[in-house]
Amino acid sequence: MKKVYLKLSLILLLLGALSIYVQPVNTYADTSKAVTVVAKRSKKAKKKIETIETKKQFMDSIVKHVINLDKNIKFKINRKAIKNTYKEFNKIFDDLSENMKFNEIMSNTSSQNTLTSDEGGRYFEFTLKLKYDIDKAEAKKTLSNISPIVKTKEELIRSMVEHTENLDEEFSINIANSVSIDKNEDEYDKLWDSLYAIPEFNDIKRYSKGFKSNFYYYKKYYKWKISIKYDLVKEEVNSLNDFIRNWVAENIKPEMTEEEKVRAINDFMVREYRYTYGDNVQPPTDNLSCHDGKLGKYSVYTSFALLYGKGGVCDAKAKMFYRLAKEAGLSVIYITGNIIPDGLHAWNMVKVDGNWYHLDNTWNRGHYEGSGEYDYFARRDYYLKSDASMSKDHSWDRTKYPAADTDYPLGPEHALPEDPDNLYNTFSLNKAS
């Protein structure tokens, strides 16, 4: 995790290039040069150097000029307001870093130079010269897009998911110092674990590449600046979201019970989506979890493969079930665990009538030996099951998920189509992960 510690370069250069105790104005042996200099100063004097009487006035003026992208800023400062010392200026510019607009513009400067001219008396002169990497139109856009400081991990997660769903390739998140994912590697890893547990984020992050990020530090917050590319376009994301909304609108009715809604989604997915490792790919013989096949351009681990290729692995199916159930107003969880004795697997938990149950729509599409991807039979063996029932061949970290105490009582209405070939009883199952 790369970290960049930004101490305002303005402060650092402030009294590296700062001449705090500059001698009186230089004199020149060449009279013509002296006259020329005086003429230039006289011309500039007409612009009236801004006079500063208080520290607040100085800070407000600095911010105003920087936001306006002024390149040559000069003040005449009352000694009673600000002492011409390193310590005083360091404190002032440290306080300035509380201003988010100031920070945004200063992060887009490539050079700064400061100078104080002190001839004694009531005032001394302060000059700040800046070179900006953005123009006024870009500065206006930057200032209009400043994100508020997120104060909780939950807010940070929501912001990351929103930027990901928008396929934002360049963005920044301002984070309160109390949300310490920047200097705590364990917390940083936990953040990503939380993000990958969100199907909307996980689906899209599969198509990301070239991820880069830096941290920039200010007084009361820090900025996480992220650069990322995607192999998806917004139309593809919108198409998936439109499909979810339209399917639920057409198939889930307000008068349906929660179980009827769950059953409609499960049976649709069992019927619609085959289990596949991708185009012309046979099941790997070693580690199923290491294989990342594709249907066309779409990873078989994502909902996009189901939408565009009508197939995928368990991970894709669990994410699609989550999306449909969530849109239908159900309480649903995307859960990751293992097949016993080994092998990664994904399925769902869903709440029906106040109780949590497991549902594995991948394994509810039964598959028998010697059959193809499109051959299947429907089953209820993994439909609304308890922890005890699922633990026969599934394992998971039970501390991360709610308890499912009982199987849902199935009645005649849950009957499946007849199995004339008696495939369920005749063949052993190939349990896909």
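Here is a short walk through a pocket, a hairpin and a buried cysteine in this structure. Keep in mind as you look around that the model is predicted.

Let's begin with open space. Rolling a probe the size of a water molecule over the atoms shows where empty space is left. In this model, the second largest pocket has a volume of about 940 Å³. Its lining is made up of 30 residues, and those closest to the centre of the pocket are Tyr196, Ala197, Tyr334, Thr336 and Tyr401. Several elements come together here: helices α8 (185-196), α9 (199-205) and α13 (314-327), along with strands β12 (332-339) and β13 (344-352), each give at least two residues to the lining. Strand β12 provides the largest share, with six residues. Sorted by character, the lining of this pocket holds 18 nonpolar, seven polar and five charged residues.

Helix α13 deserves a second look, since Cys314 lies in it. Is Cys314 buried or exposed? Its relative accessibility is 4%, so Cys314 counts as buried, the cut-off being under 20%. You can also find His345 from here: 31 residues separate Cys314 and His345 along the chain, while their C-alpha atoms are 6.5 Å apart.

Now move to another part of the chain, where strand β3 (residues 109-117) pairs with strand β4 (residues 123-132). The two strands run antiparallel and are joined over eight bridges. To pick out one of these contacts, start at Asn113 and look across to Lys129 in β4, its bridge partner. Together β3 and β4 form a hairpin, with five residues between the strands. In that turn sits Gly120, which has a positive phi of about 85°.

Methods. Residues numbered from 1 in each chain as written. Predicted model: local features only at pLDDT ≥ 70, side-chain atom pairs only at ≥ 80, totals over all residues. Heavy atoms only, no water. 1 Å grid on protein atoms, 1.4 Å probe; cavity = no way out; pocket = protein on both sides within 12 Å on 5 of 7 lines; lining within 4 Å. Points joined across faces, edges and corners; volume = space filled by probe spheres on them. Helix = DSSP H or I, 4+ residues; strand = E, 2+ residues; numbered from the N terminus. Nonpolar A, V, L, I, M, F, W, Y, C, P; charged D, E, K, R; others polar. Pairing = 2+ DSSP bridges. Buried < 20%, exposed > 50% of the residue type's maximum accessible area, 1.4 Å probe, protein only.
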